[in-house]
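Biologist: Glad you could join me. Could you take me through this model and the terms behind it?

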Amino acid sequence: MPTVVLKGYKDGYELLLKDNADFEQIIRELQELFRKLQRDTVEKDERLSFTVNTGARLFDAKQKQKIEALIGGYPRFSIHRFVSDVVSTKDALEFLEEHTVHLNTDTVRNGQVKTINGDVLFLGNVHQGGILQATGSIFVLGQVDGVLHAGYPDNVIAVITGNIKTAQQLRISDLVDIIESDDLLDKDVAYVNDLHAFSYTTLDELKMLRPKIFTQVGGF
């Protein structure tokens with residue numbers, strides 16, 4: 001039973017590595033496979049790029065380096081990327097961090113910068129001169145007299161919504177706006193429109209503008 005299976009696609013090749021096989025056995029079969037491919041493709045001067053699929057197993061850095069070193073002996077061959085059917089604990093935690101609405105009740109004082117990964121439901125206070133920034137959206141139920149920065153540093157899909165009329169300044173991604181509360185009236189959602197400019201609307205419109213965000217927070 002082979003531990004390495006080669007599959008060809010329109011845009012390259014995939015190496016399927018049996019996930020319960022001995023790693024050294026995989027290396028031996030890869031050596032044999034690359035020697036054969038070298039012989040079969042040398043006249044065509046064909047360049048081959050491989051996606052290495054490790055199935056239900058994650059290779060560590062040393063294992064990946066060993067495979068990269070092996071393929072490095074064949075100048076016409078290269079590795080496009082490593083893929084697997086599982087994610088590392090680190091990647092899983094980062095994903096959860098980015099896709100969870102975090103509840104925050106801090107007080108951000110003048111000169112302080114509070115940064116949160118993902119979306120935040122903010123119940124605390126941002127004093128004038130303080131900055132609350134999030135990589136995702138900011139939903140404000142607290143008191144804000146300072147700066148709110150959603151989508152930091154480059155997420156233009158993020159929004160700021162809730163009690164924003166008293167904010168000193170709003171930022172989304174690389175855009176900045178100083179709001180006049182009288183201009184907002186019943187508008188309590190700030191977002192970046194298709195022209196990459198600050199715009200304001202009502203909560204009712206959020207479902208149409210950002211349906212994923214609307215669903216994520218329970219549709220209010």
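Biologist: Which residue forms a salt bridge with Glu-32, and how do you know that it is one?

Modeller: Arg-35 does, with the closest N and O atoms 3.2 Å apart. A salt bridge here is a side-chain nitrogen of Lys or Arg within 4 Å of a carboxyl oxygen of Asp or Glu, so the pair qualifies. A word on the source: this is a predicted model, where local features need pLDDT of at least 70, side-chain atom pairs count only at pLDDT 80 or more, and totals for chains, interfaces and linings use all residues. Residues are numbered from 1 along each chain as its sequence is written, and side-chain values use heavy atoms, with hydrogens and water left out.

Biologist: How are Arg-35 and Glu-32 placed in helix 1?

Modeller: They are three residues apart in helix 1 (residues 23-41), which means about one helical turn separates them. Helices (H or I, at least four residues) and strands (E, at least two) are DSSP runs, numbered from the N terminus.

Biologist: Why is Arg-35 called partly exposed?

Modeller: Its relative accessible area is 40%. Buried means under 20%, exposed over 50%, and partly exposed in between (1.4 Å probe, protein chains only), so Arg-35 falls in the middle class. Glu-32, also at 40%, counts as partly exposed.

Biologist: What makes Lys-36 and Asp-40 a salt bridge?

Modeller: Their side chains meet at 2.9 Å, N to O, and that distance satisfies the salt-bridge rule. These two are four residues apart in helix 1, again about one helical turn.

Biologist: Which residue does Asp-106 meet in a salt bridge?

Modeller: Lys-114, at 3.1 Å from N to O. Asp-106 is partly exposed at 30%, and Lys-114 is partly exposed at 27%. By this rule the count comes to four salt bridges.

Biologist: Now the sheet. In what order do the strands run, and what makes strand 1 and strand 4 edge strands?

Modeller: Four strands form an open sheet in the order 1-2-3-4, with mixed pairing. Strand 1 (4-9) and strand 4 (77-83) each have a single partner strand, so one side of each is left without a neighbour in the sheet.

Biologist: How do you know that strand 1 and strand 2 pair?

Modeller: Two strands pair if DSSP finds at least two bridges between them. Strand 1 and strand 2 (residues 12-17) share six bridges, in the antiparallel sense, so they meet that rule. Within strand 2, Tyr-13 is the bridge partner of Gly-8.
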